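Hi everyone, thanks for making time. Let me put the structure up so we can walk through it together.

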Amino acid sequence: MEAKIILSSQEVRKAIQRLTHQILERDQSLKDLVLIGIQTRGVCLARRIQAAIKELKNQDMPLGVLDITFYRDDLTAIGSSPVVKETNIEFDLNDKRIVLIDDVLFTGRTIRAALDEIMDFGRPKTIELLVLIDRGHRQLPIRPDFVGKNIPTSLEESVEVKFQESDGSDEVTIINRQEDKR
Amino acid sequence: MRWKRKDLLDLESLSLQELEYILTTAASFKEVTGRQIKKVPALRGKTVVNLFYEPSTRTRVSFEVAAKRLSADVINIAAEVSSVKKGETLIDTGKNIEALKADIIVVRHSASGAAAMLARHLKANVINAGDGWHEHPTQALLDIFTLREKLGRIEGLKVSIIGDIAHSRVARSNIWGLTKMGAKVTLCAPLMLIPPGIEETGVKVTDDLDQALSEADAINVLRMQFERDEAGAFPKAWEYFKTFGITEERLQKAKKDIVVMHPGPINRGIEMSSEVADGVNSVILEQVTNGIAVRMAVLFLVAQAKNGKKANSN
């Protein structure tokens, strides 16, 4: 099995910088901006973006952590008990500008679950979607607002995002699971 | 780990990992119950039936609230008013409930092993909400959850269970759960209310309350179930309170931050004084709150397990 590197650690860092600038370009004021990361890699990415904003603007943006397990639409089909992680949103979401953050955008089902969960917390003014990788194959009408890199993939491939904090290094790789089976 | 059990019948057969897994999942649900909208769609479209052959308010309501917060539909059946009165057997009642497409059956019954028997005959998930003197697993899980939340751990804790051990399924489930998780358990009661041979489970036994209190990090005080005293073995209520009742005076000899638990309903002035029940050491109402999170976790996990069997192709 061969893992092909899509983004090196330097490229990951550059992509995060660029995504941060794009968020700021939409609304320089940072008024009502909050970041929400989806467990687990989305939270790492959100923390990076929070740090990048701090560096550029010297402001601490509120950061929330979302676990979407209880909102999944495949709970009855996945056949394994899901690992439930923490959800922690300690601020009011009403009338906020939310940037929802995940590492990879694929079918769109995780984002659907996240949107439903966020709506149960309050009524934000807007929700924008930021992902590091968009690999296509959407099953729902969901599109990202900010994308680090578009990667055309086949369904046999899986995209793996690694972050220093959780995996020891920054890297995005693509793995062919068909070969894996052989 | 993966949760594989279709039913939750007891704590005796659970592994330490399974116990930990339920408690961890319950912690996530506790966060949900603190939200403005205390409801998640995890069991949407599922039907939970509470089948209670014994009177219960707190456990039934707790299961009902838990199921509703998971977006399940809930039906309550009190056996006194159902066809059980007309002579239907437990299994027939269970099969009829299953034929109504119930997904999860929560059962309380006065016979030990009733939940296990139902589980053997049904495809639906079965959760034991108390069977005779045998076990009451979700009560012990919420006791342990509360204790861990208060003291940060279970391993190495000294826990005294005080009161009518012989007739108590709560005591049995607590003994299994606590000893598996590494707590040291002492049972304290008039000796005729201690089942013979219970020491084999690794617990200490005493009829000296001051001794049971002196080293304990926590006490779990059981209700005196006078209604179960068929043999006339029970002391009189006033007599029991004098010897085994928990009072402020007696607690002064215990650790200052001792945790006082009671599964409810309390007989004030029999198991403990009102000052203790409402005092700073008491976590009795937190137990009730935590019961919802623990039961949400159990409902959620058993529901996944059944579906796991069906979708095992991947």
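So, which strands does helix H2 of chain A lie across? Helix H2 (residues 41–57) of chain A lies across strand E2 (33–38), E3, E4 and E5 of chain A, running at about 150 degrees to E2(A). Touching here has a fixed meaning: two residues are in contact if their C-beta atoms, placed from the backbone, lie within 7 Å. Angles run from 0 to 180 degrees between N-to-C directions, and axes are lines fitted to C-alpha atoms, for helices over the stretch in contact.

Before I go on, some housekeeping. This is a predicted model, where local features need pLDDT of at least 70, side-chain atom pairs count only at pLDDT 80 or more, and totals for chains, interfaces and linings use all residues. Residues are numbered from 1 along each chain as its sequence is written, while chains are lettered from A and ligands numbered from 1 in the order in which they are written.

Now chain A as a whole. You'll find five helices and eight strands in it, where helices (H or I, at least four residues) and strands (E, at least two) are DSSP runs, numbered from the N terminus. Going along the sequence, chain A reads β-α-β-α-β-β-α-β-β-β-α-β-α. Its radius of gyration is 16 Å, close to the 16 Å that the globule rule gives for 182 residues, so chain A is as compact as a globular protein of that length. That radius is taken over C-alpha atoms, and the rule is 2.2 Å times the number of residues to the power 0.38. The C-alpha trace of chain A spans about 50 × 40 × 30 Å along its principal axes.

Back to the sheet under H2(A). It's an open one with five strands, ordered E3-E2-E4-E5-E6 in chain A, and the pairing is parallel. Two strands pair if DSSP finds at least two bridges between them. Strand E3 (63–66) and strand E6 (146–150) of chain A sit at the edges with a single partner strand each, so one side of each has no neighbour in the sheet. From one strand to the next, the twist averages 25 degrees. Strand E5 (residues 126–134) of chain A is joined to E6(A) by four bridges, and Leu130(A) has Phe146(A) as its bridge partner in E6(A). Helix H1 (residues 9–26) of chain A packs on this sheet too, touching strand E4 (97–105), E5 and E6 of chain A, and its direction makes about 150 degrees with that of E6(A).

How do H1(A) and H2(A) meet each other? Their axes come within 9 Å and cross at roughly 65 degrees. That makes H1(A) roughly perpendicular to H2(A), because angles under 35 degrees count as roughly parallel, over 145 as roughly antiparallel, 65 to 115 as roughly perpendicular and the rest as oblique. Among the residues making the contact are Ile16(A) and Leu24(A) of H1(A), and Arg48(A) and Leu56(A) of H2(A).

There's a second sheet as well: three strands, open, ordered E1-E8-E7 in chain A, with antiparallel pairing. Its edge strands are E1 (3–7) and E7 (157–162) of chain A, each pairing on one side only. Six bridges join E7(A) to strand E8 (residues 171–176) of chain A, and Glu160(A) stands opposite Thr173(A) in E8(A).
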